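Me: I am new to this structure and would like a close look at a single part, the place where chain A and chain C meet. Please also set that part in the context of the chains around it.

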Number of protein chains: 4
Amino acid sequence: MHIYAEPFIHTTGGEVIHAAIIGASGYSGAELLRLLAQRTDVSVDVITAGASAGKSVDEVYPAFSGTIDLRFTSLDYASLEGMDIVFVALPSGEAMSVVPQLMGKVGRIIDLGGDFRLSSTSLYSRYYGRAHTAPELLGTAVYGLPEIFKEQIAAAAFVANPGCYPTSAILPLYPLLKSGCVSPAGIVINSVSGVSGAGRSSSVEMSFAEVNENVRAYKVGRHQHIPEMEMVLSKGAGAEVTLSFVPHLVPITRGIYSTIHATLAKSCDAAALSEVYRNAYADASFVRIRESIPQIKDVVNSNFCDIGFTVDQRTGQVIITSTIDNLVKGAAGQAIQNMNIMFALPEGLGLGTRKEEAYV
Amino acid sequence: MHIYAEPFIHTTGGEVIHAAIIGASGYSGAELLRLLAQRTDVSVDVITAGASAGKSVDEVYPAFSGTIDLRFTSLDYASLEGMDIVFVALPSGEAMSVVPQLMGKVGRIIDLGGDFRLSSTSLYSRYYGRAHTAPELLGTAVYGLPEIFKEQIAAAAFVANPGCYPTSAILPLYPLLKSGCVSPAGIVINSVSGVSGAGRSSSVEMSFAEVNENVRAYKVGRHQHIPEMEMVLSKGAGAEVTLSFVPHLVPITRGIYSTIHATLAKSCDAAALSEVYRNAYADASFVRIRESIPQIKDVVNSNFCDIGFTVDQRTGQVIITSTIDNLVKGAAGQAIQNMNIMFALPEGLGLGTRKEEAYV
Amino acid sequence: MHIYAEPFIHTTGGEVIHAAIIGASGYSGAELLRLLAQRTDVSVDVITAGASAGKSVDEVYPAFSGTIDLRFTSLDYASLEGMDIVFVALPSGEAMSVVPQLMGKVGRIIDLGGDFRLSSTSLYSRYYGRAHTAPELLGTAVYGLPEIFKEQIAAAAFVANPGCYPTSAILPLYPLLKSGCVSPAGIVINSVSGVSGAGRSSSVEMSFAEVNENVRAYKVGRHQHIPEMEMVLSKGAGAEVTLSFVPHLVPITRGIYSTIHATLAKSCDAAALSEVYRNAYADASFVRIRESIPQIKDVVNSNFCDIGFTVDQRTGQVIITSTIDNLVKGAAGQAIQNMNIMFALPEGLGLGTRKEEAYV
Amino acid sequence: MHIYAEPFIHTTGGEVIHAAIIGASGYSGAELLRLLAQRTDVSVDVITAGASAGKSVDEVYPAFSGTIDLRFTSLDYASLEGMDIVFVALPSGEAMSVVPQLMGKVGRIIDLGGDFRLSSTSLYSRYYGRAHTAPELLGTAVYGLPEIFKEQIAAAAFVANPGCYPTSAILPLYPLLKSGCVSPAGIVINSVSGVSGAGRSSSVEMSFAEVNENVRAYKVGRHQHIPEMEMVLSKGAGAEVTLSFVPHLVPITRGIYSTIHATLAKSCDAAALSEVYRNAYADASFVRIRESIPQIKDVVNSNFCDIGFTVDQRTGQVIITSTIDNLVKGAAGQAIQNMNIMFALPEGLGLGTRKEEAYV
C-alpha cells in the first residue's frame, strides 16, 4: 500500500510541551483536547472553563470518558505561569481582557477568537460592536494562516488564529489575487456553515427544532469576519480589496462551504489558475486542489481545505468552491498546526497529513 | 376521483365559536393557531403568552405572516370571560394554577398539559416531582382520547387532552386489552420522539449540535406519562396494567414512533387481532390499521394514528408499531377533535378526514 | 381574530374541472395530488405513472391512505381526451414527446418540467444536453409565473410552469430590473436546495448517507435553469441579462434559498427598493416582502415566496435573499395557481392565501 | 495531563502485516481502509471491488485524497495468495463463495458479513432466505467478539466478525445472563440504527428524502441477527435464550442504540449488576459502563460500546441501553481488534484506547 499518511503521533525523545487551554469547555476547546490527547509530546496541564469549572472533562463531554482524565478549573493566572503554550478559546470579546495578563508569563499564545486579528480599533468596534480594551496589543499578533504566513508564525510568540469563514475564503483567493489572475474588485463570497460554528448554544434559534429543515442567511453584509478577509486579501492583492460576504446557517453540525465569485483577468484561463495553485500550495500539507467539485463530507474531522474552481466564460468569472471543517482547519486543527510551526515541529504532527510532512 | 377527503373548512351558517389559547407561543399553541386559522366557524379572540406577550404572531412565527393577524397578550382572566372554549397549552405545572380561575367563567376548557390527566395526587407528585395545587379538580376532567371516550367528551365541560406518548400507546393497546387478546402483564413500550415534543427550548441539550446525529433514551422507567398509560389501559383491561416505558429522543422535529411488545393470548391470532381492531375503529376517522409497517413520515402534519402489528410465533408476543405527529394527534389536532365533539360538530372538522365524518 | 386566511376549499355550485396528472408518482405529482385532493371543484380522474402503473396511490405514498383512493395507470392518450386540464409532471426530456399528443385534445396543459420554457432549440440543446424533438412547440407556451405574466396565463391553453430556482430568483429580481434600480450586469445568484428537487431518486449520491452532514455545489455555471432566468429577466430589464448561478445541495427535504447579489443604481436606496416591491406585489397573494431575513422554514408546505433585502453601502450592491418551497411555489402549488387563473378562479384557491384573493 | 489515551500508531520494529480487503468499496471496507491507513505495521496491498474496480480510492471516496494511494481491483485469488490476513467485507451471501477459495492460501481470514456466524444451515436459510453453499465451513469460524471470546480468537485462523446489532446487544447481556442476574426468558431488544448499516445504497427507500424526518421499524421479529444473538447468549446463559428483536431505521448516518428489557433475578440489585459488569469488563478496552444514560454521539467514530442500565422496581426488570458506532465497533473497528488479537498485538492498536492496552 502506498500511503501518504503517516503516524498521527510523534513520540519525541525530547522535552514535552506543556500546554493550557483557556475556555476548554466550548466546541473549539474540546476539539483542541481531542487532538492534543493523541500526542505524547504535548502535555495539557490546565484547562479552564466558566460554568463547567470543577467538572471533569467526561462530565461535560462523555465521549472522552476513559480517554481523557482532566478537570476544568476556573481561570487562575498563577497556574498558567511558565506554560510553554496557552490556547485561548474564549468567545470574542473575552480574550482581550485575558491575553494581556498572559503576556510575558507564558511561552507562546494562540488566540482562537477574533479579538486580535484586526489591527484597527475602529474596525474592531464597528464590526464587533464593542470597544477594544487592549488596543496596545492590536497588530502585535501574527495572523495564523500557515499556508501564507508560515515564516512569521515560526517566529511568533503571539498568534491570532484565523476565523473559520476567512480560512475558507482566503486560502483559495490569496494566490489568485497575488498572481493578478483575479481582480480585487467585485469579489462575492457566499458561505454556509454548520451550527458548531456558533459554539455550544442554549438559544432557541440554535435549537434543533429551529435549525432542522431550515436555511437562513444572517448578518448579511456586516459579519465580523469581513474586515479580516479584506485585510489579508488586500495584502495578497497589493491593492485594497472590498468584498461582499453573506454567511448562512444550514442544518449540519460541522463544516463550512464557501462559494466565491471573482472577476477573471483576461490573461488567465483554467490552466493558468491551476498553475498558480500548484505553485502556491506545492508544500502545503492541508490544501487539496480538486478537479471535481468539493463537498463538506470530504473534509469533516480533518484539517484539509479542499478547493475547486470553474471558469465561467459567459460571465468572465472564476467560481471557486472551498470547504473546511470549521472546528479543525477553521479552529483547533489550525491552532495545532500553528503550534507545530512555532515549536519547529512538522506542521502536520498530530493532524493526519502527507508523508513528506510527517515527522521522520 | 374517489376521494375520502372532504373540505377542511366548515362555513357554518350558525354562530361562531369564540376561543382563547393560553400559552399560545409554544409549539402546541402555534399548532392550534395554524389549524384553527383555517376555520370560519371558530374565532380565536385571545392568545396569551409569557415572554412573547405584546408581540404579534408573525414576530414569533414569521411563517404566519400575512395569514394570521393576532397579538399575544399577557394572561388576563377578565378578557377570557364568556369564551366558548379555552385551550390551555401551558407546560405541566402551570395549568393547575390557571384552570381553577377559569372554572365557571368560560364555556369549556381543554388542557393540553399533564396537570389534570391523573386522578391521584400521589401519582402526580411522584411522577411530576411537585405537589398538585388544585387537588379538588383532579379527576374532574374527562380524558380526551376521542376514539375511546367520545361520549364522555361530548358531555364534558373540562377535558384533559392526552399526552403524546400515551396517545401513541393507548390507541393500539386498548382494544387488544379489552378483548383479552393480550395480557395486561409484561407490556413493554419503547418510543422515539422528535424534539418538538420538548417544546420551544433554549437548553444546550436540545441544541442542534447536541441532538443531530444522536439518539438517547431519557427518564428510563420514570417518565410522567407512565401512570397515565397505566390508568387508561387498566380501564380497558379491567385489570391492573403495569408496563415498562422507555422514551428516546431522535433527530427529527415532529413525530412519535412507538414499538410495543405484549404477550398474546393463546386464543388469538393475527386474524383475531385484525378483527378486534376493525371493530374497535370502524368509526374512527383518524386511526389507520396498516398492513405494512407504519412510518412517521406518513402521519406528519396529520391527525392520523397509524398502527401495524406482527405476531411473533417464536416468543408468543404481538409486536405493535404505531406512529403519530406529536403536535397534531399528540396535542393540538386531538384538542380540536375534542372541541369538535364537545360542540357536536363532526369530529374531523378542520383536520382533514374521511368523507363520512365530514360535515354535511 | 383578524385572519387573512380564507377557506382552503371552494365548493363550487358550478361545474367540476376534470383533471389528469401525467407522471403523478414523482414528488411534484404527489404534491399536485395532495393539494388537489382538498378541492371539491376539481376531480382528478386520471393519474399516470411509469414503474408504479397499476399500483394504488397509497401503495406508493402510504401517507395518502384513507384520503385518496386512486390508482396509477399507464399513459393512455385515449383516457385523457376531453380533460379540462392535464398536468405534465414528467422529468425534463419526456414531456416533449407527450405534449404534442395532447395538443387540441384536452382543454389546457400545464407542463411542470423544463421542455417548453425556452424558446430556442439551441439554448435547449446546450443546457439540457439533448436535441428538442418538438421544436415547433417551442415558444408557444406561456411562462407560468403568475405574479408577472398573469394576463397571458389567463388566456393561455398551454403553460410552461417555471423551474424552482428561477421562481426564487425571478420574483425578487424582476421588479428591480424593470424599475432600473439594479443593473442587468453582474448579477450573482447562489441557491441551496433540498433534495426533493432532484425527484424520487435511487442514486447513491442522493442516498441519506451521502447527503446528510454534507453540502456541495453542482453544475457550477451550467445549470439548465440559467437560460430560463436570463430570458425572463431580460424581458424585465429591457436589456440582456447575463448572470452567474451556482446551485447547491443541502441536507433538507424541501425548500430553496437564494442569495442574490446585484449592483444597485445610484439613484436607488432601501426606501426606493421597498417602494418598487410594494408596487410590484401589491396584489400578489404569495409574495411576502420581509423586514427580517427570510428563512426556509417559514415557507415550507406553503405557496409563499418570502423576500428580504439588504443594501450594502460598502460594495454598492443590494443583497437579496428569497425562499420558496420547491415542491409548492416551485412546482405543484404554482401549477395550481396557474390553473386557477386559467379557469378564472381566484388564484389562491386551495393554496391558503390572503382574504382578498380568496373566493367569494 | 493524565490521559489514558495512547499513540494510535505502533511503529513496529518487526515485520509488516500484509493485508487485503475484499469488498473494500462499501462503507465497512472504507472504514477498514481509514483505520488501517494510520498504521505503519500493516500494509494494505490489495483492495477489491465490484463496480468500482479500476478506480482509485479517492475517486470513490474523495475524502481519502492525498492520504491513501490505492486502486480497487477485481477479485483475483492469485493476488491474494500469501497474504497475512484477508478481510472479507462483502454483503451477506457473497462471502460463502469467496471464503472457501481463500482457505489454506492466506494466513488468516476475518469475514465481516453474516455468512459464517451461524453453525446451522437451517437457521441460515430461514433467516437469510437462501441456501448456504459452503455448509462444510459452517461452525469453523470463531465468533469474533473479543470481550467474550478473546482466547479463541487469538488461536483462530478464521473469524466471523459479529453483526452490528448483536455486538450492541450481546455485550450488555452476556455477563448478566452468565451471572444469573437476568432471566434467559422474555428478553426484548429494540434497536435503532443509522443508515450506513444498510451499506452504500441506491434504493429509493434509503434516499435522503425518504429517510429524513422519518422513523420506521423493519423486519419485525425476523431480522437475520436474531439467531446470532440467541446462539451466543444461550452460551452465556447456559440455557436456551429466545428473544424478541425489533430494528428501526432513524435519520442518522452512524450509530446503533439498543434498549433492552430483561427480567431481573430477585437476588440481584443495581449494585450486583455493577459488580457483574465490573468483573466482566475489567480488562476490556472498549466497554464503558456508564452511570448516566449513554448516547450515540459519545461513541461515534470510536470503537467503544457504552452501556447504561436502570433497575425498574415496578416491573422487576433491568432496562439496559447500549450504543456503538456500527461501522467501528459494529464492523471495521472490531475486525481490527480481532486482527490485533490474532497477531498477538495489543487489542487496541490503531483504535484509540486506554493506556494499559496500548503497545509497549
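Reply: What follows describes the contact between the two chains, then the domains of chain A, and then one helix pair in chain C.

The model is a predicted one. In the contact between the chains, 34 residues come from chain A and 34 residues from chain C. On the side of chain A that touches chain C, at least two residues each are supplied by six strands of chain A: E10 (185-193), E11 (216-217), E12 (242-249), E13 (256-263), E15 (305-312) and E16 (317-324). By class, that side of chain A consists of 15 nonpolar, 14 polar and five charged residues.

How the two chains are placed relative to each other comes next. Two copies of a chain are related by a rotation about an axis and a shift along it. Here, a turn of 180 degrees with a shift of 0.0 Å along the axis lays chain A on chain C, with an RMSD of 0.0 Å. That is the relation of a two-fold axis. Of the interface residues of chain A, 100% are also interface residues in chain C, so the copies meet through the same surface.

Chain A itself is divided by the domain assignment into domain 1 (17-162 + 329-357) and domain 2 (165-326). The C-alpha centres of these two domains of chain A are 23 Å apart. Between them, 27 residues of domain 1 of chain A are in contact with 27 residues of domain 2 of chain A. On the domain 1 side of this contact in chain A, the elements giving two or more residues are helix H5 (121-128), helix H6 (146-154) and helix H11 (328-342). H11(A) gives the most to that side, with six residues. The same side of domain 1 of chain A has twelve nonpolar, nine polar and six charged residues.

In chain C, one pair of helices can be followed residue by residue. Helix H7 (residues 164-179) of chain C packs with helix H10 (residues 270-280) of chain C at an angle of about 110 degrees, and their axes are 10 Å apart. The angle makes H7(C) roughly perpendicular to H10(C). The crossing of H7(C) past H10(C) is right-handed. From H7(C), the contact is made by Pro175(C), Leu176(C) and Ser179(C), and from H10(C) by Leu273(C), Val276(C), Tyr277(C) and Ala280(C). The residues of this contact between H7(C) and H10(C) are six nonpolar and one polar, with no charged.

Terms used:
Residues numbered from 1 in each chain as written. Chains lettered and ligands numbered in written order. Predicted model: local features only at pLDDT ≥ 70, side-chain atom pairs only at ≥ 80, totals over all residues. Contact = placed C-beta atoms within 7 Å. Helix = DSSP H or I, 4+ residues; strand = E, 2+ residues; numbered from the N terminus. Nonpolar A, V, L, I, M, F, W, Y, C, P; charged D, E, K, R; others polar. Axes fitted to C-alpha atoms, helices over the stretch in contact; angles between N-to-C directions. Parallel < 35°, antiparallel > 145°, perpendicular 65-115°, else oblique. Left-handed = near helix turned anticlockwise from the far one by under 90°. Least-squares fit on C-alpha atoms with pLDDT ≥ 70 in both. Domains from an automatic or database assignment.
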